[in-house]
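Biologist: I would like a close look at one part of this model. Please start with a single residue and then set it in its wider context.

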Amino acid sequence: MLNVHGIQLNAHYTVTLPVSIGTLWAYITTREDITEHLNFTGFTVYQRTDTVLDLLDNIDKNGVPDVVMVSLYMWNRNRSNKLTKALKEKWPHVKIIVGGNDVPQHPERFKEFVNENPQYDYYVNSEGEIPLENILRKILSDKNIFVSDYLDDCFHITENGKVISKSKTKRYLNHKGELDFPSACAIGLYDDLVASLPDVELQGVLETNRGCPYSCTFCDWGLEEKMRKFSMRRIKEELDWYIGNVHEIMLSDANFGILKRDIDIAKYLIKSKILHPNPRLHSTAITYAKNNKERVVRIAELLEKFDFSRSGATFSLQSMNDPTLVAIRRDNMSIAKDFDWIAENFTTRGIPYYHEMIMGMPLETKETFLTGMSKLLEYNPLEINVYKLAWLENSEIGLDGHTEKYQLEWAKFEQGPSIHDDEKEYAFIIDSTSTISNADMQYIRNIRDMIQILWLGKSLFYIGRYLQQEYNIEACDIIENFYKYTTVDNKNEYWDTLYLSKEDAVRDSGNFKVPLWYNYGTNRYKFTRYTNAWLYLHGSIERKEYFYKEMQKFFTLYYPQVDSYLLADLIKFNKNILVDGENINLEHTFETEYSWIEYFTTKKLNKITTTYNTKIEVAGNAKIPASVGKEKFLYYVAGGHEFMFNKQNAFGYPEGSYTNKVSGDHSFISRVGTFFPDGTYFDSAEDVLKEIFSEEKEHKLENAQMRLKLSKNITTPEVI
Ligand code: SF4
């Protein structure tokens with residue numbers, strides 16, 4: 001009997017179940033002839049110690065390992081290499097199998113990697129199930145424990161840092177039918193791990209299909225096998241388990257919504273959570289399909305209305321520049337073509353969504369990038385995450401002549417901190433290209449930060465939106481002018497501090513009434529730099545007053561075409577519709593001379609005195625009630641959800657009413673800057689409930705409706 005152990009170290013910022021290795025082992029359990037000679041002793045996943053070497057003490061707690069499986073990603077590469085070197089030194093007989101996205105495929109890089117890592121015995125360069133089974137058969141045969149045939153053409157064998165047998169082919173599971181081997185959740189592989197981390201926000205990973213039909217050059221999935229489906233039986237089994245055991249499910253599908261049945265999966269998830277006696281799950285993180293707009297919007301709406309969505313639907317564009325899309329091979333996706341339809345539908349239905357854009361892509365310039373950003377801001381995204389192009393070990397950009405063709409210069413970036421140099425994790429990110437200099441990239445970064453703080457953080461959102469709609473002024477025009485105003489025209493300490501505050505607000509921490517760090521269970525969460533900046537603007541009445549006075553000066557100077565009386569009233573509206581950071585009033589009344597909520601709902605503006613009664617009972621998507629106390633409440637108001645970029649319901653008063661002599665009294669719900677009058681926001685959720693449960697005679701609809709109602713005020717575990 002051989003003891004087999006799995007090592008899949010988490011990134012520094014999340015605690016995710018070791019699904020790569022769990023899935024592989026679940027597959028191996030279907031091979032009973034070998035599993036009767038193998039004893040799975042568990043996973044090493046979670047590091048909260050100063051050095052990864054401390055994990056060695058626990059690896060043998062269920063038996064000294066004979067075989068170790070290692071999953072290598074860019075966020076755990078150095079630590080995994082160090083740990084496994086020490087492991088081999090401690091137990092020289094152990095055979096170590098390594099796979100994952102960070103095992104180099106390029107022959108030169110692979111040779112170098114093997115040379116630097118003599119501790120590994122077997123390497124897998126592709127999908128793992130079939131290679132792993134055959135490696136295990138070989139190990140058992142070599143040790144004369146169980147002699148069986150095996151294929152030796154789908155993995156590399158090395159000895160003391162030298163390749164002695166090369167992989168000749170990649171072998172994939174089941175090319176035609178559905179994948180239906182057991183789920184690691186259902187056979188209890190994660191039970192001990194979950195029990196050992198009771199206070200940790202756990203993330204599970206669900207794979208409903210595998211592979212991607214596209215081949216974007218910057219990505220390492222596109223080189224792999226085409227898409228295959230997991231069976232609905234297996235998906236339901238996993239969902240049932242996840243609902244009671246993890247806080248969030250991340251769908252690892254590259255394109256959820258690409259299959260018709262994906263709507264059924266979303267409905268099953270909603271139904272199961274409603275019926276679960278003690279659900280732990282509160283959100284999902286999903287990357288949606290690029291070519292199925294109606295289905296994607298429908299699924300995103302279902303999940304949003306039932307409070308499952310962490311930060312809205314992902315809407316990954318990466319670039320809005322046609323030559324760039326051709327160069328990175330994304331021109332075959334209809335997402336850019338359908339952009340207006342999708343964005344309009346997300347916005348008008350109140351479904352939060354966020355974009356991903358990548359700076360420094362081939363052929364992108366400063367101008368094309370900012371024009372693209374302005375286009376995105378014509379609608380109402382919750383967030384725009386702008387990344388720099390990263391060099392992935394096995395992406396096409398990393399493997400062939402793209403670097404030379406587009407003059408891509410890469411810089412080393414520390415992405416995982418450690419007090420030990422050899423345990424720091426690094427990424428290579430773009431520094432400059434043939435069409436964009438490092439200085440231009442830095443400028444875009446500054447504008448991106450200002451977009452985050454001022455537009456997406458809503459500090460000047462309503463003013464900007466009015467100028468967009470009435471004067472065709474682009475969002476980036478406003479932001480770039482504002483940046484000039486605060487760094488050249490009217491540079492002073494206030495703006496310096498604001499810009500510094502986005503770099504974690506450390507300089508101002510002594511004056512902040514809100515601490516920069518919160519403990520959550522055994523984790524510490526920090527405000528994001530954008531949240532810090534928001535707190536700088538809104539966290540004191542004095543600073544807030546100064547900011548909005550400056551707004552009047554700025555807009556008057558740069559946009560004199562706007563009537564100054566109307567502008568002052570609009571600034572007043574923008575200021576008052578946002579929660580006051582220093583003095584959180586759960587209810588807030590104010591008055592304007594124009595009917596601004598009507599304008600932002602119907603585009604009709606009446607000059608009539610309008611009174612608003614706004615209120616806030618819970619903060620952020622985590623639904624933290626005001627009773628938790630001012631500091632924690634503000635933390636969530638300011639978008640400080642335990643995940644990095646959730647601004648939904650944050651910053652602004654989420655509901656209230658307004659009244660004027662023309663329109664009378666109306667209630668409203670506000671989502672991501674869009675106002676929904678008279679409770680209409682939840683109508684579609686009620687319809688979905690009826691639809692989901694209509695076939696189930698035994699189900700009590702009233703019960704589900706009650707749950708839906710409650711879900712608006714459900715609280716997550718107390719922040720300690
Ligand atoms: S970036 Fe997304 S769509 Fe493109 S190949 Fe990778 S996973 Fe597929």
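Is Arg 329 buried, exposed or partly exposed, and how many other C-beta atoms lie within 10 Å?

Modeller: A caution before the details: this is a predicted model. Arg 329 has 16 other C-beta atoms within 10 Å. A residue needs 20 or more to be buried and 12 or fewer to be exposed, so Arg 329 counts as partly exposed. Its place is in the loop between helix H11 (322–327) and helix H12 (339–349). The backbone deserves a look too. Phi of Arg 329 is positive, near 60 degrees, and the residue is not glycine. Most residues other than glycine have a negative phi.

Lys 458 makes a useful companion. Its phi is near 75 degrees, again a positive value in a residue other than glycine. Lys 458 also sits in a loop between helices, here helix H16 (438–456) and helix H17 (461–471). The surroundings of Lys 458 hold 23 C-beta neighbours inside 10 Å. The cut-off for burial is 20, so Lys 458 counts as buried.

Now the wider chain. The chain has 720 residues, and 44% of them count as buried. It holds 26 helices and 28 strands. Take the contacts in the chain with a separation of 6 or more: 72% of them join residues 24 or more positions apart.

Two sheets are worth tracing. One is an open sheet of three strands. Its order is E17-E19-E18, and the pairing is antiparallel. Strand E17 (390–391) and strand E18 (409–416) are at the edges. Each has a single partner strand, so one side of each has no neighbour in the sheet. Two bridges join E17 to strand E19 (residues 425–432), and these strands run antiparallel. Ala 390 has Ile 429 in E19 as its bridge partner.

The other is an open sheet of seven strands with mixed pairing. Read across, the order is E3-E1-E4-E5-E6-E7-E8. Strand E3 (38–44) and strand E8 (162–165) are the edge strands, each paired on one side only. Within this sheet, strand E5 (residues 95–99) and strand E6 (residues 122–123) run parallel, joined by two bridges. Val 98 stands opposite Tyr 123 in E6. Helix H6 (residues 129–142) packs on this sheet. The helix touches E3, strand E4 (67–71), E5 and E6. The direction of H6 makes about 170 degrees with that of E5.

Methods: Residues numbered from 1 in each chain as written. Predicted model: local features only at pLDDT ≥ 70, side-chain atom pairs only at ≥ 80, totals over all residues. Pairing = 2+ DSSP bridges. Helix = DSSP H or I, 4+ residues; strand = E, 2+ residues; numbered from the N terminus. Contact = placed C-beta atoms within 7 Å. Axes fitted to C-alpha atoms, helices over the stretch in contact; angles between N-to-C directions.
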